[in-house]
Amino acid sequence: MTVIWIVLSVIALAVLAVGGYFLKAIVQGAREGWRYVGSEEQRADEAAALGFLPPERQNTELSAPRPAPLEAALAAAKGGDFKPAAALFDATAAARDWEWRTRYCEEFADVAAEDDAWLLAWEAAHPDDPGAALVRARSTVFLAWRIRGAQRARNTTHEQFEGFHRILARSREEHARAAALAPEGDPAPYVGEIWTALGLGYPHAEMDRLWREITERAPHHYEAHFSALQYWCGKWRGSEELARDFAARAAAGAPLGSLMTAFPLIAHFEHDESDTTEGDRTPEMHALVDAALADAAAADPGHPRLAEVRHLLAYYLSLQDRDEAAVEQFRLVDGYVDALPWRYRNDPAAAYCRLRDESVAAAAATA
């Protein structure tokens, strides 16, 4: 009898384990909006028939294709030639195109954090070049985070933390120098310093000072708002309330096409820990998505952050069962998945394709 009870207990545990696995899958599926329209293979085939790319062909390092001049300048920098990069920065200063200036800064700073030989040559040839100073400042932030590593604090060594804080302190000085050399009206040095503020833990009053420097120059700058929202999030130096308030103020009264209406959606996403899509389908969330849709439609097609907003729209439209509109956004960004929400997933390409394929199948089923 004892043997029988042992066998029955083992079977019961196995059933519970299997049931728990499927329950977890169902809960996760509900959170991601999966509606199980046909099999996964059928949905993938249907998406492929419409020209959508499979997971293995999604670029996980970009949210959209780079413009050819930027791609060429990055390749030149990696080869040691700074001149194409310098020309891009000069062009943004002449055009007062601060959105692209900060995008270029981010791209070239990442390259310089890996190998700065080309940047050293630029600095030697033009010691007070504002573009070179800007890249140097932001690259110092990138370098600091590379020294720290991506592990949690308990898995980060004392030496890593020491190097992280030392380099970040230097980045503050570098950003001050970049600001002193910057062309009139350029917010980029202050935008870059937000990531220094986040890492060093600037007090709120100091962040407010930095924010005033930015908004006096560019009140609706996308990357500035995205960076500042990260600072105000609960996971960094703020709270859910502070982040939502910041996002609401960013969107209120902003001109159509500025993409500022994306920030209430991002603040919601950053603090949403629920296991269902109920909170994503409220009338308030529908209104936020509608506002962001209108904003994206009115934006300059060449805006360097437009694709990131479209990724977010595709996600929330899908969760709200607005599948035809979701498919339209997915079509505009397909092939590139380094954007919210996918970049927070263990396998961004798989997460993107799974939700995209479901919207494709659901839209076809209701057509």
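Let me begin with one residue, Ser139, which at 4% relative accessibility counts as buried because the cut-off for that label is under 20%. What we are looking at is a predicted model, and I will come back to its confidence after a few local details. Ser139 is found in helix α7, which covers residues 130-148, and its side chain reaches the backbone oxygen of Arg136 at 2.8 Å. Leaving aside residues up to four places away in sequence, Ser139 touches Ala109, Ala112, Ala113 and Leu119. Ser139 also lies 8.8 Å from Glu114, C-alpha to C-alpha, with the two positions 25 residues apart in sequence numbering.

A second polar residue, Thr92, can be described in much the same way. Thr92 sits in helix α4, and its relative accessibility is 4%, so it too counts as buried. A polar atom of the Thr92 side chain lies 2.8 Å from the backbone oxygen of Phe89, and the Thr92 side chain also makes a polar contact, at 3.0 Å, with the side chain of Arg101. If we again set aside residues up to four places away in sequence, the residues that Thr92 touches are Asp97, Trp98, Trp100, Arg101 and Tyr104.

Phe89 brings me to the aromatic residues. A search of the whole structure finds 18 aromatic pairs. One of them joins Phe89 and Phe108, whose ring centres are 5.9 Å apart and whose planes meet at 55°, so the pair is classed as tilted. This pair links distant parts of the chain, since Phe89 belongs to helix α4 (residues 83-95) and Phe108 to helix α5 (residues 98-114), with the two residues 19 apart. Both Phe89 and Phe108 are buried. Ring pairs also connect these two with Phe82, Trp100, Tyr104, Trp118 and Trp122 into a cluster. At Phe82, there is a charge to add to the picture, for Lys83 lies over the face of that ring, at 5.0 Å from the ring centre.

Now to the nonpolar cores. Which residues have the most contacts inside the largest nonpolar core? That core has 61 residues, and the ones with the most contacts inside it are Met207, Tyr222, Leu229, Phe263, Ile266, Tyr316 and Trp342. Helix α15, residues 306-319, gives the most to this core, with 10 residues. There is also a second, separate core, made up of 22 residues, and among them are Ala73, Trp100, Trp118 and Val135.

Within the largest core, Phe263 deserves a closer look. Not counting residues up to four places away in sequence, Phe263 touches Tyr222, His225, Phe226, Leu229, Ala247 and Ala250. Phe263 is one of the buried residues of helix α13, a helix that is mostly covered, with 10 of its 10 residues buried. The buried set in α13 also includes Pro264, His268, Glu270 and His271. As for what surrounds them, the buried residues of α13 pack against α11 (222-232), α12, α14 (283-298) and α15.

For those of you who check backbone geometry, there are three places to point out. The loop between α12 (240-251) and α13 (262-271) holds Leu259, which has a positive phi of about 70° although it is not a glycine. Is Leu259 buried or exposed? With 0% relative accessibility, Leu259 counts as buried. Asp321, in the loop between α15 and α16, likewise has a positive phi, near 60°, and is a residue other than glycine. Asp321 has 35% relative accessibility, however, and therefore counts as partly exposed. The third place is the cis peptide bond that joins Leu340 and Pro341, where omega is about 0°. Pro341 is found in the loop between α16 (323-333) and α17 (348-366).

Finally, the confidence, as promised. The mean pLDDT of the protein is 90, and 87% of its residues reach 70 or more. Over residues 1-31, by contrast, the pLDDT is below 50, and beyond near neighbours in sequence this stretch has 17 contacts in the model.

Notes. Residues are numbered from 1 along each chain as its sequence is written. This is a predicted model: local features need pLDDT of at least 70, side-chain atom pairs count only at pLDDT 80 or more; totals for chains, interfaces and linings use all residues. Side-chain values use heavy atoms; hydrogens and water are left out. A nonpolar core is a set of buried Ala, Val, Leu, Ile, Met, Phe, Trp, Tyr and Cys residues joined through side-chain atoms within 4.5 Å. Buried means under 20% relative accessible area, exposed over 50%, partly exposed in between (1.4 Å probe, protein chains only). Helices (H or I, at least four residues) and strands (E, at least two) are DSSP runs, numbered from the N terminus. Contact means heavy atoms within 4.5 Å. Rings of Phe, Tyr and Trp (its six-membered ring) pair if their centres lie within 6.5 Å; planes under 30 degrees apart count as stacked, over 60 as edge-to-face and the rest as tilted. A charge sits over a ring if NZ of Lys or CZ of Arg is within 6 Å of the ring centre and within 35 degrees of the ring normal. pLDDT is the predictor's confidence in each residue, from 0 to 100. A polar contact is a pair of N or O atoms within 3.5 Å; within protein, one must be able to donate a hydrogen and the other to accept it, and residues adjacent in sequence count only if both atoms are side-chain atoms.
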